[in-house]
Every structure is written in C-alpha cells, then in structure tokens.
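Here is a short report on a single protein chain. Look over the sequence and the fold before reading on.

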Amino acid sequence: MALRRRGFDQKEIHPFVKITYYTLLIFGVYVAFNVIGIPLTGLLAAAGIVGIILGFGLQSITANMISGILLMGEGTVRIGDVIELDGTIGEVYDTGMRSTTIRTRDNVFIIVPNQELFTKSFTNYSYVEEKVRMDVTVGVAYGSDVEKVTRILYEVAEEIEGVLETPEPTVRFREFGGSSLEFVIKCWVRGPFERRTVRSQMNYLIDERFREEDITIPFPQRSVWFKNDLRTQEYSEANET
C-alpha cells in the first residue's frame, strides 16, 4: 500500500481505510441510483420521514456509528492499542462503525459498542508509548537490616530480564506497617501485558534471596487475651455441670 511505503504504520492506516470505505460506499449508492434513474429527491424525502419514525428506535445504533466515526477520526483508539475498560485489559483487534473488538490476554474477544468508548473513561496504554511502570511491594520483619534489604531488592530488579534499564528501577522504604517494614520496587516494563509475568518472577526471586540472607517476611498475628475472672467463672460453671 502506498501509505505504508510512505512510512505510515498499520495503526495510522486502518482508520483512513475505514472512513474511505464508508465514504465510497455511500457515494457508490448515490451513483447507482442516478444510473438506474431513480429520483433521489423523492427517495431522500421518504427516507427522511422513515428516519424520523425509526429514529427513536435506532438512537443507540446512530450514536454508536457517530461515535465510531469520531473515534477513528481522532485516533483515540486504533488497532493494536492496549486499553483497559471497566477493569478488563485487552488489545484492540478491530474497529468498526458500530463497535470495537477487544482481545483479552485469555484470547477472549469482547465486542464493545463505540458509544461506550466515546462516553466512558478508559486507559490507553499505547496512546503515546507502551512501556508502563509497576510497583512490587514486600514487607520485612522489624529489626531487619534495611540497608541489606534495599541492596537485595535493587539486585532483584536488575536481574529480572523484563525490567527496563531505562528508566532505572528504584527502591523505596515506604512505611512502618502494622507488622512489617514496607518496601516497594518501582520499575518500568515493556507493556501492560508484561506486568503479571515480571511481578511473579520478582516475587520468586525475592523469596529466594531473602531465605539466603536470613531476612524474614512476617505475617499478621493476633493475640486474644481473656480476663482472669472470666476464665475462672467459665471453669467453675463447667465443673458444676
């Protein structure tokens, strides 16, 4: 295709092709009616009356079509973009006049009416660039060597292949938690689909390194205390029965 040879990618070409297709389709119908000899004036008048009658029942379809044209014209959603809508992350598989098809990480295809994308807020991870930042949080027991913990977490972030070198990963001592000292690794990965894999690899490696360095990952513990008089009363009642 001429546009591809000029340096345009598939994301930029697809909206142009779609809009051109529908424009030529409408123009072709107009020319066909003229060739056949059907007067378009009366036909358009009749279509206008029918459109008014059916318009109340076709408002949703009309809204989706207009939304589709605006989305393709603005380039807000393009084929190949990774978006998150209502908690679901997927890749835009196809865009049309009425709906947009999204393929999730489980290879499930979701058909979303264009009006939903036009009126709702959604996240487009590929709008400018695909890399995203992620946080991996871990707690260590009180009394741990915080300098050693920081060093280990930096080494873990540098060892994971999916973590980008630029921007460099950072480690933060977040807070004194209820039962642990909270640390967080902040790093960048290639795209949103990489986050689950990278997080799992980090968790495995953190657990391994902490075991080697004798650093404890605590878990919440609760102690229940009974008053002496309450326990004595319950014991006496049990003996009497």
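How much area does the chain expose, and what share of it do carbon and sulfur atoms supply? The chain exposes about 16300 Å², and carbon and sulfur atoms supply 56% of it. Accessible areas come from the Shrake-Rupley method with a 1.4 Å probe; for residues, only the protein chains shown count as cover.

This is a predicted model: local features need pLDDT of at least 70, side-chain atom pairs count only at pLDDT 80 or more, and totals for chains, interfaces and linings use all residues. Residues are numbered from 1 along each chain as its sequence is written, and side-chain values use heavy atoms, with hydrogens and water left out.

Buried residues (under 20% relative accessible area) make up 32% of the 241 residues. The chain has 8 helices and 8 strands (DSSP runs: H or I of at least four residues, E of at least two).

**Helix pair**

The axes of α6 (residues 146-159) and α7 (residues 195-212) come within 10 Å. They cross at roughly 140° (lines fitted to C-alpha atoms over the stretch in contact, angles from 0 to 180 degrees between N-to-C directions). Contact means heavy atoms within 4.5 Å. In α6, the residues that meet α7 include V149, I152 and L153. Their partners in α7 include M202, L205 and F210.

**Backbone outliers**

Most residues other than glycine have a negative phi, and most peptide bonds are trans. These sites differ:

| Site | Value | Loop |
|---|---|---|
| D86 | phi about 55° | between β1 (82-85) and β2 (88-95) |
| N107 | phi near 60° | between β3 (99-104) and β4 (109-113) |
| T166 to P167, cis | omega near -5° | P167: between α6 and β7 (170-176) |

D86 counts as exposed (over 50%), at 58% relative accessibility.

Conventions:
Buried means under 20% relative accessible area, exposed over 50%, partly exposed in between (1.4 Å probe, protein chains only).
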